[in-house]
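Biologist: Hello! Could you walk me through this model and show how each label is earned?
Modeller: Gladly, let's look together.

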Amino acid sequence: VSALVKLPIALVMKNKNAFYSVFFGNKARKKLGELFQSLPQKSKHFILVDSHSLQHCYPNLLELEARISQNIEILEVNPGEKSKSIATAEMLCKVMLELQADKHSVLFNLGGGVVSDLGGFVASVFKRGITYYNVPTSLLAMIDASVGGKTAVNAGMYKNQIGTFYPPKAVFVLPEFLETLPKKELKSAWGELIKHGLISGGIFWDEVSKTRLHSSFIPQDDLIEKAIAVKVAVVKKDPYEENLRKVLNLGHTFGHAFEGMALNSKKPMPHGIAVAIGLCVESCIAYYKLGLTKENLAVVFQVVKRICVLPQIENTQVPILWQFMLADKKNAEGEVLTVLLSDFGKVEWKVPISIHDLQLGITLYNSLA
Ligand SMILES: NC(=O)c1ccc[n+]([C@@H]2O[C@H](COP(=O)([O-])OP(=O)(O)OC[C@H]3O[C@@H](n4cnc5c(N)ncnc54)[C@H](O)[C@@H]3O)[C@@H](O)[C@H]2O)c1
């Protein structure tokens, strides 16, 4: 996987004959302005926001949108995972119908990953599919959620169980939106950024691991651009997650389990932080199973410790975590299949592990945390 691809990149979605580009910075702003001017005049178009992106990011778009504003309606949802539901998706479809949306209507998802997952899902089912564009406003949505064509809503407490593969027509990344993003969200996204670095290895990992995080945690533009390129490179090779795309789940088998356990004990943990802890635990397992070197293991811990304090994991928590890991979507035939790192830039997926491997990994993790 190479991170040295320059944006915009055309992403060809196998079998669907669809392609889309990811535009960045000034180019994104210019292209978005042109797009607003060229939208079909006779149709209603929509911008999906949550209340935070409406307050902080929508004003930034007003200037571009001005000329066709009579055709554009704002659809606002509450911030947070709860909005990623079938009920919200249905409500949005009904409101769009009431506002005379038609097959040529276009939806812009202006927000974090919740907005792009929800809006992408609505676009994929409304009148059997309308065009949509992602304008990500959180760091996590910029480097991960807005690219790749996976849309989803949650089924109760089960995340992303209802969804489609339905790519946006283009993605516009304006890094200035990050200026209002809370620090907690920035730190959490760094968990995914570190993951992209580990998957990519090479120069990009060097840059990620050596970046001096200044107080704001906003990465340099070129680091964001390269992180997006890592995701694009993987998705381009395996859009429907048949094989290679599974590498993007590095840190997630344990991370999701840890996130689930935290949620159950009413102490919710930001997703990216859980992934960062997962990167450490899974690297310990990889030390035993795939021969990841002790030096590399130490580097992983050192980099992750820049964004969070690593908690100790009690022995009594291991069986609980294992139960969560057994429910992971990547598993097959009752085995827990993980994604493990054998070296920076070298990742194996579908590695079976036992509860004994987990216990060994956690013991080593506790000694390094
Ligand atoms: N489809 C995919 O491939 C994919 C990949 C990774 C994650 N996801 C999904 O993405 C979601 C997480 O994304 P997220 O971290 O962006 O969460 P989010 O959308 O909930 O955004 C986090 C918070 O930041 C606020 N926010 C966003 N942009 C802001 C800005 N510029 N200024 C101020 N506040 C702002 C939001 O309102 C929210 O309160 C999860 O639901 C996850 O499942 C999807």
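Biologist: Which residues does Gly251 touch, not counting residues up to four places away in sequence?
Modeller: Gly251 touches Ala274, Val275, Gly278, Leu279 and Glu282. Contact means heavy atoms within 4.5 Å. This is a predicted model, where local features need pLDDT of at least 70, side-chain atom pairs count only at pLDDT 80 or more, and totals for chains, interfaces and linings use all residues. Residues are numbered from 1 along each chain as its sequence is written, and side-chain values use heavy atoms, leaving out hydrogens and water.

Biologist: Why is Gly251 called buried?
Modeller: Gly251 has a relative accessible area of 0%. Buried means under 20%, exposed over 50% and partly exposed in between, using a 1.4 Å probe and protein chains only. Therefore Gly251 counts as buried.

Biologist: What makes the pair formed by Lys84 and the ligand a polar contact?
Modeller: A polar side-chain atom of Lys84 lies 2.8 Å from an oxygen atom of the ligand. A polar contact is a pair of N or O atoms within 3.5 Å; within protein, one must be able to donate a hydrogen and the other to accept it, and residues adjacent in sequence count only if both atoms are side-chain atoms. So the Lys84 pair qualifies. An N or O atom in the side chain of Thr137 is likewise 2.8 Å from a nitrogen atom of the ligand. For Phe177, a polar backbone atom is 2.9 Å from a ligand nitrogen atom.

Biologist: Which residues come nearest to the ligand?
Modeller: Of the 25 residues around the ligand, they are Asp50, Glu81, Thr137, Ser138 and Thr180. A residue is near a molecule or strand if one of its heavy atoms lies within 4 Å of it.
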